[in-house]
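Student: I am new to this structure, and I would like a close look at a single part of it. Could you take me slowly through the pockets, and then add what you can about a few places elsewhere?

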Amino acid sequence: MKELLKITYRSLKEYSISFFKWLLLGALVGVIGGTVGAGFAKCIAFVTELRLSNGWLVLMLPLGGVLSVAIYRLFKVTGVGTNDVFESVRTEKKVPYLLAPAIFIGATLTHLFGGSAGREGAALQLGGSIASALGGLLRLDKKTQHILTLCGMGAFFSALFGTPIGAGIFALEVVSVGHFCSGAFFPVTVATVSAFGIASYLGVKPERFVITGLPELGLNSVWRVVLISVAAAFVSIVFCKAIHFSKAKIKRYLPNRYLRIVLGGAVLIVLTALVGNQDYNGGGMEIIEHIFTTGKWHNEAFLLKIIFTVLTISVGFKGGEIVPTFYIGAALGATVGALVGISPSLGAAVGMVAMFSGVTNCPLATIVLAVEIFEGKGFIFCAIAAVTAFLLSGNVGLYKGQRLIFSKLNEDVVEVNAS
């Protein structure tokens with residue numbers, strides 16, 4: 001009995017110390033992530049509004065690209081990106097501290113001048129860089145720093161999108177699909193919830209969309225949702241493959257980073273002029289909102305957004321691919337949904353969910369994000385879309401640093417990188 005009490009005491013002491021340790025560290029990362037993330041979100045919103053009010057700024061896109069390349073070279077983080085953050089979680093590799101200011105400035109320049117990119121890449125890199133710096137400052141061991149990096153990734157994602165639980169699961173799931181670090185659940189949740197609270201207090205509004213025209217759940221509605229999900233899975237493969245292929249080819253034939261980004265910016269200006277508007281520049285959250293509120297869109301929108309985004313990312317502009325992914329999914333879902341008799345908002349929601357799951361290989365995070373973004377409406381339809389697109393997208397993904405631990409077809413361990 002005495003020995004049992006000793007074991008129980010030691011266990012309680014160990015878990016209590018761990019609880020308070022991660023409560024403090026998670027909250028600290030959350031406060032930093034919420035504060036810096038709110039600043040970044042407001043900065044992106046400001047420059048986006050500035051560009052939309054001054055359409056001529058898109059003509060400065062090549063100059064913005066040159067400044068971005070120069071800043072990365074000045075900070076000595078050229079070539080460092082989201083894949084390096086993923087590697088830092090699995091290995092001893094460190095994320096450069098100066099990546100944080102570099103991606104902050106680079107992504108802001110991209111949005112100011114109309115490059116088609118999002119915010120999540122910047123969020124993951126900001127989170128990874130700042131968390132790594134914090135871990136070094138506090139002289140934490142490598143395993144603790146790995147978890148702290150996950151906390152940073154989730155915190156910044158939460159601050160920008162207003163999805164605290166989904167952001168946490170995304171950070172845990174995206175690095176090694178099929179493998180969860182159970183010790184990171186608590187600190188990551190503390191960080192994401194803290195970041196969400198701080199960002200909300202500082203005036204960052206969470207991304208929320210309203211689904212209307214929900215049909216009754218049944219075979220008649222499910223097959224329509226599955227059809228949209230299949231289309232989105234196919235488009236997610238095309239999108240990811242196009243980005244990887246274009247990056248490799250453009251880098252091969254245009255090795256000079258300055259020349260590459262100048263020519264790419266010039267082509268984007270020409271494409272914008274040919275389209276006749278700036279609906280495909282920037283992240284495009286305002287276009288997604290327009291689809292949900294008005295039920296109006298252009299059938300070719302998803303294809304044009306793919307072209308703009310692939311070119312923007314491939315030539316070296318900084319940002320991310322997730323907001324464009326949402327845009328592509330919403331436009332595609334609305335288009336296919338109209339063909340099969342689903343309301344534009346439900347079609348857009350299903351398309352967004354399926355595309356996100358397809359390009360990130362994160363079905364669990366996708367389902368929770370859908371609950372938060374759509375406030376629980378259409379939950380079952382979104383869940384069906386997430387798992388369908390996850391399966392059909394194969395081993396393709398946006399992030400080549402992502403590791404898929406298990407096969408999507410059976411229980412075999414494969415441990416391959418997304419391609």
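Tutor: Let us begin with the largest pocket, keeping in mind that this is a predicted model. The lining of the largest pocket is made up of 32 residues, and those that lie nearest its centre are Gly79, Lys247, Ile313, Gly316 and Lys318. Several helices take part, since two or more lining residues come from each of helix 2, helix 3 (82–90), helix 5 (120–137), helix 9 (219–253), helix 10 (257–275) and helix 12 (301–314). Among these contributors, helix 9 gives the most, with 4 residues. The space in the largest pocket comes to about 830 Å³, and when its lining is sorted by class, there are 11 nonpolar, 12 polar and 9 charged residues.

The second largest pocket can be read in the same way, and it holds about 570 Å³ of space. Its lining has 25 residues, of which Ala41, Ala45, Arg119, Glu207 and Met285 are the closest to the centre. Here helix 1 and helix 11 (285–294) each supply at least two residues of the lining, and the largest share, 7 residues, comes from helix 1. Sorted by class, the lining of the second largest pocket has 11 nonpolar, 6 polar and 8 charged residues.

Helix 1 also leads us to a place outside the pocket descriptions, for methionine 60 sits in the loop between helix 1 (2–53) and helix 2 (61–74). Methionine 60 has a relative accessibility of 31%, and therefore counts as partly exposed, a term that covers values between the 20% limit for buried and the 50% limit for exposed. On the surface, Met60 joins Trp56, Leu59, Leu63 and Leu67 in making a nonpolar patch of about 480 Å².

For a contrasting case, turn to leucine 99, which belongs to helix 4 (residues 99–113). Leucine 99 is buried, because its relative accessible area is 0%, and buried means a value under 20%. In sequence, leucine 99 and serine 129 are 30 residues apart, yet in space the two are 6.1 Å apart, taken from C-alpha to C-alpha. Looking back at the place where we began, the residues nearest the centre of the largest pocket include Gly79 and Lys247, while those closest to the centre of the second largest pocket include Ala41 and Met285.

Notes
Residues are numbered from 1 along each chain as its sequence is written. This is a predicted model: local features need pLDDT of at least 70, side-chain atom pairs count only at pLDDT 80 or more; totals for chains, interfaces and linings use all residues. Side-chain values use heavy atoms; hydrogens and water are left out. Patches are made of residues with over 30% relative accessible area and no salt bridge: like charges are joined within 9 Å, nonpolar side chains (Val, Leu, Ile, Met, Phe, Trp, Tyr) within 5 Å. Accessible areas come from the Shrake-Rupley method with a 1.4 Å probe; for residues, only the protein chains shown count as cover. A salt bridge is a side-chain nitrogen of Lys or Arg within 4 Å of a carboxyl oxygen of Asp or Glu. Buried means under 20% relative accessible area, exposed over 50%, partly exposed in between (1.4 Å probe, protein chains only). On a 1 Å grid over the protein atoms alone, a cavity is a set of points where a 1.4 Å probe fits but cannot get out, and a pocket is an open set with protein on both sides within 12 Å along at least five of seven lines; lining residues have an atom within 4 Å of a point. Grid points are joined across faces, edges and corners, and a volume is the space filled by probe spheres set on the points. Ala, Val, Leu, Ile, Met, Phe, Trp, Tyr, Cys and Pro count as nonpolar, Asp, Glu, Lys and Arg as charged, and the others, Gly among them, as polar.
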